[in-house]
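Good morning, colleagues. I should like to take a few minutes to walk through one chain, beginning with a helix and ending with the fold as a whole.

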Amino acid sequence: VAERKKIIDGSAIRAGDLVIGLEASGLHSNGYSLVRKVFSENELKKLSGELLKPTRIYVKPVLELLRNTQYARRNTVIRGIANITGGAFYDKIARILPAHLSARIQKGSWVVPKIFQVIQARGGISDKEIYHTLNMGIGMVLVVDPAAAKAIVLGLSRMRVRSWVIGKVAKGDKTVAIV
């Protein structure tokens, strides 16, 4: 149960807002059909520790950000939240954007774990397809007021969640570009 005025549905997102990516613990729950195609059974066994890391759950750190008055002076400091699972960046971020906005995600603005690079190289997968299939090291994104971004990244760090400003919202047509 949530108060209607406290629901974060993306409708408050504005051009100029920043996208913060929260570090994933691994592949999470998507891309395993692809993983089975690019690795042999022996390789899967050798990589099992990396491939089967438990999925990080972001509820506690996000709720803490929302509860902390430093971040929640106005209900619209965190304006959108998307879990980067199936459909990854393109589908999940687009789903929370208002119709007149788009997001630009900047490759290289976060550390992509080696396992994702290996999967992409072994499978001969294009950037567009890999960012549509796998989380590439980002498990959740927050779309935030630019004035609060630095404090949110610092607050997440204090909660032992690495995060980076990975993109920006601009006028557009509800699409996501990874550049």
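Let me begin with helix 4, where the exposed residues Lys 60 and Arg 67 sit on the face turned away from the buried side. Please keep in mind throughout that this is a predicted model. The buried residues of helix 4 are Pro 61, Val 62 and Leu 65. They lie on the same side of the helix because they cover an arc of only 95° around its axis. As a general point, an α-helix has 3.6 residues a turn, so residues three or four places apart point the same way. And what covers this buried side? The cover of the buried residues of helix 4 includes strand 2, strand 4 and helix 8.

That brings me to helix 8, which spans residues 149-158. Which of its residues are buried? They are Ala 149, Ile 152, Gly 155 and Leu 156. These residues occupy the same side of helix 8, since the arc they cover around the axis is only 125°. On the face turned away from that buried side, helix 8 carries the exposed residues Lys 150 and Arg 158. The buried residues are covered by elements including helix 4 (59-67), strand 1 (18-23), strand 2 (78-83), strand 4 (138-144) and strand 5 (163-171). Just after helix 8, Arg 160 adopts a positive phi of about 65°.

I turn now to the sheet. Six strands form an open sheet with mixed pairing, and their order is 2-4-1-5-3-6. Strand 2 and strand 6 (176-178) stand at the edges; each has a single partner strand, so one side of each is left without a neighbour in the sheet. From one strand to the next, the twist averages 25°. Helix 8 packs on this sheet, where it touches strand 1, strand 2, strand 4 and strand 5, and its direction makes about 10° with that of strand 1.

Strand 5 deserves a closer look. With strand 1 it pairs in the antiparallel sense, over five bridges. Strand 3, residues 101-105, is also joined to strand 5 by five bridges, and these two strands run antiparallel as well. Which residue of strand 5 is the bridge partner of Leu 18? The partner is Lys 168. Arg 104 likewise stands opposite Lys 168. In addition, Ser 102 has Ala 170 of strand 5 as its bridge partner.

Finally, the chain as a whole. Its secondary structure comes to eight helices and six strands, and along the sequence they follow the pattern β-α-α-α-α-β-α-β-α-α-β-α-β-β. How does the radius of gyration stand against that of a compact globule? For 179 residues, such a globule would have a radius of gyration near 16 Å, and the chain, with 17 Å, agrees with this. The C-alpha atoms fill a box of roughly 50 × 35 × 30 Å along the principal axes. Buried residues account for 45% of the 179 residues. Of the contacts in the chain with a separation of 6 or more, 84% are between residues 24 or more positions apart. The accessible surface comes to about 9,600 Å², and carbon and sulfur atoms contribute 53% of that surface.

To close, I would return to the packing with which I began: helix 8 is part of what covers the buried residues of helix 4, and helix 4 is in turn part of what covers those of helix 8. Thank you for your attention.

Note on methods. Residues numbered from 1 in each chain as written. Predicted model: local features only at pLDDT ≥ 70, side-chain atom pairs only at ≥ 80, totals over all residues. Heavy atoms only, no water. Buried < 20%, exposed > 50% of the residue type's maximum accessible area, 1.4 Å probe, protein only. Helix = DSSP H or I, 4+ residues; strand = E, 2+ residues; numbered from the N terminus. Arc of directions from axis to C-beta. Contact = heavy atoms within 4.5 Å. Pairing = 2+ DSSP bridges. Axes fitted to C-alpha atoms, helices over the stretch in contact; angles between N-to-C directions. Rg over C-alpha atoms; globule rule 2.2 N^0.38 Å. Areas by Shrake-Rupley, 256 points an atom, 1.4 Å probe, with all protein chains shown as cover.
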